[in-house]
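Colleague: I am new to reading structures and would love some help. Could you take me through the charged pairs in this one, slowly and step by step?

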Amino acid sequence: DQVDKTAKALARLTDPHWRLTLWIATNGLESVPASVWELANLEELRVNNNKLKDFHSADIDKLTKLRRFWIGFNPLEKFPMTVCRLVKLEELDATGCNLTWLPRFFFDFNHLVELRLGNNAFEDFPDAVCTLKSLRTLLLFGNKLQVLPWSLVDLQELRELDVSDNCLMKFPLVLCVAEHEGLNPWDVSAEHEAPERGDEEREPL
């Protein structure tokens with residue numbers, strides 16, 4: 001098909017003079033063509049908005065230069081274990097995949113700077129996230145979280161945290177502790193239950 005032909009053509013670019021990216025989102029794909037995994041110079045791959053349920057290929061780790069990977073809005077339901085072998089990733093988007101947990105191998109994403117896990121089904125905060133010491137942006141909006149863990153203070157590089165549209169019943173105190181301990185300031189988006197103020201508009205947190 002056309003995606004396979006495009007990937008094979010890109011594979012012949014053994015030493016490209018530009019940043020090699022491949023966007024094959026919204027194509028109704030049920031699997032990723034094997035030729036995609038042969039793109040050794042690929043730095044960005046977007047396969048979001050397809051019909052992918054897993055990434056079974058044993059060749060995924062051939063993408064040694066991949067830094068940005070978008071797999072969101074696919075019917076995954078569980079995080080693909082094979083993706084954890086892309087240990088050099090700096091940006092990962094797994095928005096809208098109905099995820100409820102992350103595998104323990106998620107700890108291997110030591111270079112991850114931006115992680116998008118919004119619009120999933122997490123009821124418990126995924127503990128593995130708090131081991132990602134390079135993380136600067138964490139998006140967890142639209143889940144079912146009730147509390148945030150104290151281990152969030154370990155993310156000293158974090159600059160942006162979005163936990164809006166969850167089930168937080170009160171403002172997470174861990175955010176106050178992080179500021180008190182002199183950690184770098186975060187841009188925080190959160191929602192929680194608050195007393196009614198009549199017609200007065202609520203101020204953003």
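Modeller: Happy to; we will go through the salt bridges and then turn to the core.

Please keep in mind that this is a predicted model. Side chains of opposite charge can pair when their charged atoms come close. Here the count comes to 12 salt bridges, and a few of them deserve a careful look.

Let us begin with Glu43 and Arg68, whose side chains form a salt bridge at 3.9 Å, N to O. Glu43 sits in strand S2 and Arg68 in strand S3 (residues 68-70), so this pair links distant parts of the chain, 25 residues apart. How buried or exposed are the two partners? Arg68 counts as buried, because its relative accessibility is 17% and the cut-off for buried is under 20%. Glu43 has a relative accessible area of 25%, so this residue is partly exposed.

Next along the chain, Glu44 and Arg46 meet in a salt bridge as well, at 2.8 Å, N to O. Both of these residues are buried. Now you can put the two pairs into one picture: Arg19, Glu43, Glu44, Arg46 and Arg68 are linked in a network of salt bridges.

Another pair to find on your screen is Asp93 and Arg116, with a salt bridge of 3.1 Å, N to O. Asp93 belongs to strand S4 (residues 91-93) and Arg116 to strand S5 (residues 114-116), so the pair ties together parts that are 23 residues apart in sequence. Asp93 has a relative accessibility of 9% and so counts as buried. Arg116 is buried too, because its relative accessible area is 15%.

What else does Arg116 touch? Leaving out residues up to four places away in sequence, Arg116 touches Trp70, Glu91, Leu92, Asp93, Ala94, Thr95 and Leu139. Its salt-bridge partner Asp93 is therefore one of several residues around this arginine.

Leu92 from that list gives us a path to another residue, Phe79. Not counting neighbours within four places in sequence, Phe79 is in contact with Leu92, and also with Ile71, Cys84, Leu99, Trp101, Leu102, Pro103, Phe106 and Phe109. Phe79 is also a member of the largest nonpolar core, which has 55 residues. Within this core, Leu45, Phe55, Phe69, Phe79, Phe109 and Leu115 touch the most other members. Strand S1 (20-23), strand S2 (42-46) and helix H2 (173-180) each supply at least two residues of the core. Strand S2 thus brings our tour back to where we started, as the strand that holds Glu43.

Definitions and conventions: Residues are numbered from 1 along each chain as its sequence is written. This is a predicted model: local features need pLDDT of at least 70, side-chain atom pairs count only at pLDDT 80 or more; totals for chains, interfaces and linings use all residues. Side-chain values use heavy atoms; hydrogens and water are left out. A nonpolar core is a set of buried Ala, Val, Leu, Ile, Met, Phe, Trp, Tyr and Cys residues joined through side-chain atoms within 4.5 Å. Buried means under 20% relative accessible area, exposed over 50%, partly exposed in between (1.4 Å probe, protein chains only). Helices (H or I, at least four residues) and strands (E, at least two) are DSSP runs, numbered from the N terminus. Contact means heavy atoms within 4.5 Å. A salt bridge is a side-chain nitrogen of Lys or Arg within 4 Å of a carboxyl oxygen of Asp or Glu.
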